[in-house]
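Got the model open in your viewer? Here is a short walk through it, one selection at a time.

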Amino acid sequence: MAVFKAYLKITKKNGWMILMYLAIFFSLTVMFQSFAGETEQGYSAQSVPVGVIDEDGGIMAQSLIDYIGRTNEVKHLSDDEEALQEDLFYRNVDYIVRIPEDFTKKCILGDENLKVTTVPGTYSGYYVEQQITNFMRFVRSYAGAGFTEQEMADAMSERDSAEITLVDISGNAGIAPAYSYFYRYLPYLFLSVLGYVMGYILMGVRRGSLPGRMRASAVPIRRQNMEGLTASGLIAAGLWGVCTGAVFFMYGADFLNSGRAHWYLLNSFVMLLMALSLAHLIGTLVKTSNALSGTVNVVSLGMCFLCGAFVQMDYLSPGVRKAAQFLPIYWYESVNEMLTEYSAIAGDVLTQALGGIGIQLVFAAAFVCVTLVVSRERRA
């Protein structure tokens, strides 16, 4: 068991680095989770502070004020130009509407437009302007039908506001569970820790006269390889076990009762196999610690940024997403997104999830094959 013990000994020497990356990972998870949180993707009308200068004081002027006040915060202002400029400058109001004297005659029955002032280029100005336009269109229709001012005001007060009902297609009410953030950033931890650990181990067993001594040893090469693979698997399984235990500890019943826990575990385990095979390839290729550090950082950070771990996939450009499909972490994150979005994994969602997991296994097998070819060329 000399090879097995050597692998574990080198891993123990790099324990500080493993702890450092675990600390970075959990810090990132907690930080981003606190930013995003478990937010429901709902709809609510936007409230804008609207200043009103009422020079009319009539029934229709009050009807307009009440209509605007349904979804906005109405503030009555005095006709003081300097004070109005200060209110706009300090954002006490985002929009000011002046209701002129004889409002009904001039603006509803006539063609005069309301005088408004808004902060240039803001969405709130267009938002309130659309509401005022709707009000004027309705009351002019009522006036054309012969309604009196009181009848028009009553009709506007009785108009129902639009109601928005969100259809819960996915079955999770638009809520992203907290543990989904944990699994989103998991590739960074696996790629970094396994990349460094396996890199140092494989560089160690190739150092100096050790390869020749191992070949001359009484222990068969096949047994040496099996001990090395067993140790690698134990290291990777230990890392996966620590992360899985952290999920159970941090999220407990919410994770176990989600109905998708086994999918998260399967997806993360397959990604672990891919990361382990990639770490073996990196360790086989690099020759120095500096080369290992640069390669692991480029691979882990590059994949995580391009494949939707650090930057959510919805924010990636179509070109980036298309290119990311040639990287294994993209498929892990795609499955993770489906598990986050859907409460039940069935039908087309099940097919896509299995496809994403299968592609990760293909990448893992490809990395193993390339590693074997490189190792054979170096021994030749």
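Start by selecting α3 and α6: α3 passes α6 in a right-handed crossing. This is a predicted model, so read each stop on the tour as a feature of a prediction. The axes of the pair, α3 and α6, come within 10 Å and cross at roughly 135°. An angle over 145 would count as roughly antiparallel, but the crossing here makes α3 oblique to α6.

Now show side chains where the two helices touch. On the α3 side, pick Met60, Ser63, Leu64, Tyr67 and Ile68; on the α6 side, pick Gln131, Ile132, Asn134, Phe135, Phe138 and Val139. Sorted by class, this contact has eight nonpolar residues, three polar ones and no charged ones. Look at the numbering as you go: residues three or four places apart on an α-helix point the same way, because there are 3.6 residues a turn.

Stay on α3, residues 59–69, for a moment. Which of its residues are buried? Color Met60, Ala61, Ser63, Leu64, Ile65, Tyr67 and Ile68, and you have them. To see what covers those buried residues, bring up, among others, β1 (49–54), β2 (73–76), β3 (95–99), α5 (103–108), α6 (123–144) and α7 (149–158).

Some of those are strands, so the sheet is the next stop. Select the four strands and follow them across: they form an open sheet in the order β2-β1-β3-β4, with mixed pairing. β2 and β4 (115–118) stand at the edges with a single partner strand each, so one side of each has no neighbour in the sheet. From one strand to the next, the twist averages 25°.

Zoom in on β1 and β3. How do these two pair? They run in the parallel sense, over five bridges. For a landmark, click Val50, which stands opposite Tyr95 in β3.

Next, add the helices that pack on this sheet. Helix α4 (residues 81–89) touches β1, β3 and β4, and its direction makes about 150° with that of β3. α6, which you met at the start, also packs on the sheet and touches β1, β3 and β4, but its direction makes about 30° with that of β3.

A small detour: click Gly110, in the loop between α5 and β4. Leaving out residues up to four places away in sequence, Gly110 touches Thr104, Lys105 and Arg140. Draw a distance from Gly110 to Arg140, C-alpha to C-alpha, and you should get 9.6 Å, for a pair 30 residues apart in sequence.

Now jump along the chain to α12 (residues 261–285) and α15 (residues 328–341). The axes of α12 and α15 come within 10 Å and cross at roughly 175°, and the two helices are therefore roughly antiparallel to each other. Select Trp263, Tyr264, Asn267, Ser268, Met271 and Met274 in α12; they meet Pro328, Ile329, Tyr332, Val335, Asn336, Leu339 and Thr340 in α15. By class, the contact of α12 with α15 has nine nonpolar, four polar and no charged residues.

Last stop: clear your selections and zoom out to the whole protein. The secondary structure comes to 16 helices and four strands. How many of the 380 residues count as buried? The share is 43%. As for the contacts with a separation of 6 or more, residues 24 or more positions apart account for 77% of them.

How values were computed:
Residues numbered from 1 in each chain as written. Predicted model: local features only at pLDDT ≥ 70, side-chain atom pairs only at ≥ 80, totals over all residues. Heavy atoms only, no water. Buried < 20%, exposed > 50% of the residue type's maximum accessible area, 1.4 Å probe, protein only. Contact = heavy atoms within 4.5 Å. Pairing = 2+ DSSP bridges. Axes fitted to C-alpha atoms, helices over the stretch in contact; angles between N-to-C directions. Parallel < 35°, antiparallel > 145°, perpendicular 65-115°, else oblique. Left-handed = near helix turned anticlockwise from the far one by under 90°. Nonpolar A, V, L, I, M, F, W, Y, C, P; charged D, E, K, R; others polar.
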